[in-house]
Amino acid sequence: MTRDPADRWHALAAAGTVLLDGFHAVKHAVRFGAELPLAVTADKAATLALARDLAPDTVPALDTLLTPVAPATLAALVPRPHPTGVAALAVPAPRAPARTAPVVVLDNPRHLGNIGAVVRLAAGAGAGGVVTTGTTDPWHPAVLRAAAGLHWATAVERRAVDALPDGPLYALDPEGDDLRSVTVADGALLAFGSERAGLSPEMRARADGLLALPMRPRVSSYNLATSVAMTLYHWMAARRPA
Ligand SMILES: C[S@@+](CC[C@H](N)C(=O)[O-])C[C@H]1O[C@@H](n2cnc3c(N)ncnc32)[C@H](O)[C@@H]1O
């Protein structure tokens with residue numbers, strides 16, 4: 001492989017790596033063990049100063065990883081360079097969810113920002129992972145951007161409805177039983193419908209029960225990522241702080 005960073009970038013991008021755009025995404029990817037064959041910065045001293053300030057644990061790895069490039073080169077490599085002037089290419093790492101905590105299932109989600117927000121929620125809450133159904137790629141660069149690079153901090157993969165992990169599946173729907181009346185088991189799958197159409201008939205058929213988030217009358221529904229946040233918080237709130 002050639003040593004020119006721009007040529008290496010194009011070769012890696014063509015080989016199926018995914019773009020991580022901005023300091024926070026790269027920081028999280030480093031922290032959670034992503035394979036980053038190339039990371040670039042338009043100002044290495046400024047990036048390391050930011051890391052010392054915000055994420056000192058990542059300084060040694062970033063110092064080794066970061067290749068300095070001219071600002072014009074970064075602008076040519078990344079469609080909308082992040083204000084922090086850092087970007088990296090990462091090897092996607094889809095994997096099966098862990099079964100020690102509830103797994104979030106997104107049924108044919110359409111909005112890339114929502115999927116990213118849910119990955120970030122799952123990572124922060126310590127969920128078993130995020131499984132999506134349907135055609136949208138949960139490793140799409142816009143999903144990674146919205147997830148702040150936290151795909152490596154949880155499990156993220158796409159499956160068909162008939163290939164979902166085993167375990168009781170509770171589907172969130174405004175017509176279900178009040179979520180507050182149940183304790184969410186660590187082995188549960190928690191399924192959420194798509195932004196426009198809600199739960200698919202296939203997901204409803206797979207569900208062991210429907211659960212509703214409390215909501216005032218005349219409000220139709222919550223946003224998808226917000227619904228996941230409320231549900232995961234309900235699970236977390238029933239656990240003792242470690
Ligand atoms: C934006 S909503 C979908 C709205 C859609 N028009 C429908 O008919 O269901 C996306 C998903 O969030 C979850 N959701 C939203 N509000 C909810 C509520 N009050 N109770 C349970 N789940 C809810 C459901 O899983 C829903 O399918």
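Where is the place of Thr-154? In this predicted model, Thr-154 belongs to the loop between α7 and β7. The residue is buried, because its relative accessibility is 4% and the cut-off for burial is under 20%. Leaving out residues up to four places away in sequence, Thr-154 touches Arg-95, Val-119, Ala-122, Ala-123, Ala-127, Gly-128 and Gly-129. Of these contacts, Val-119, Ala-122 and Ala-123 carry numbers that fall in helix α6, residues 112–125. Gly-129 falls in strand β6, residues 129–132.

The loop between α7 (141–146) and β7 also holds Ala-148. Ala-148 is not a glycine, yet its phi is positive, at about 55 degrees. Most residues other than glycine have a negative phi. Ala-148 is buried, with a relative accessible area of 8%. A positive phi is also found at Arg-218, again not a glycine, with a value of about 80 degrees. Arg-218 sits in the loop between β10 and α9. Its relative accessibility is 83%, so Arg-218 counts as exposed. The two residues thus offer a buried case, Ala-148, and an exposed case, Arg-218.

The model contains an open sheet of six strands. Their order is β7-β6-β5-β9-β8-β10, and the pairing is parallel. β7 (156–158) and β10 (209–212) are the edge strands. Each has a single partner strand, so one side of each lacks a neighbour in the sheet. From one strand to the next, the twist averages 35 degrees. At one edge, β10 runs parallel to strand β8 (residues 169–178), and five bridges join the two. Asp-178 has Ala-212 of β10 as its bridge partner.

Helices pack on this sheet. Helix α9 (residues 224–237) touches β5, β8 and β9 (189–192). The direction of α9 makes about 155 degrees with that of β9. Helix α6 (residues 112–125) lies across β5 (103–106), β6 (129–132) and β7. α6 runs at about 150 degrees to β6.

A second open sheet has four strands, in the order β1-β4-β2-β3. Here the pairing is mixed. β1 and β3 (66–68) form the edges, and each pairs on one side only. Neighbouring strands are turned against each other by 25 degrees on average, direction ignored. Strands of a sheet pair through backbone hydrogen bonds, either parallel or antiparallel. β4 (residues 86–90) pairs with β1 in the antiparallel sense, over four bridges. Asp-21 of β1 stands opposite Ala-87 in β4. Strand β2 (residues 38–41) also pairs with β4 in the antiparallel sense, over four bridges. Within that pairing, Leu-38 has Leu-89 of β4 as its bridge partner.

Which residues of strand β1 point one way, and which the other way? Val-18 and Leu-20 point one way from β1 (residues 18–21). Leu-19 and Asp-21 point the other way. All four are buried. Leu-20 is also one of the contacts of Ala-29.

Ala-29 is found in helix α2 (residues 23–31). Ala-29 is buried, with a relative accessible area of 0%. Beyond its neighbours within four places in sequence, Ala-29 is in contact with Leu-20, Ala-34, Leu-36, Gly-149 and Trp-152. Ala-29 and Pro-83 are 54 residues apart in sequence. In space, their C-alpha atoms are 18 Å apart.

The model also includes a ligand, with 17 residues around it. Leu-172, Gly-193, Arg-196, Leu-213 and Tyr-222 come nearest. Which atoms of Arg-196 and Asp-173 lie at 3.0 Å and 3.4 Å from a nitrogen atom of the ligand? Both distances involve the backbone. A backbone N or O atom of Arg-196 lies 3.0 Å from a ligand nitrogen atom. For Asp-173, a backbone N or O atom lies 3.4 Å from a ligand nitrogen atom. Ser-227 contributes through its side chain, with a polar atom 3.2 Å from a nitrogen atom of the ligand. Taken alone, the ligand exposes 570 Å², and the protein buries 83% of that.

How values were computed: Residues numbered from 1 in each chain as written. Predicted model: local features only at pLDDT ≥ 70, side-chain atom pairs only at ≥ 80, totals over all residues. Heavy atoms only, no water. Buried < 20%, exposed > 50% of the residue type's maximum accessible area, 1.4 Å probe, protein only. Pairing = 2+ DSSP bridges. Axes fitted to C-alpha atoms, helices over the stretch in contact; angles between N-to-C directions. Contact = heavy atoms within 4.5 Å. Near = heavy atom within 4 Å. Polar contact = N/O pair within 3.5 Å; in protein donor to acceptor, adjacent residues only side chain to side chain. Areas by Shrake-Rupley, 256 points an atom, 1.4 Å probe, with all protein chains shown as cover.
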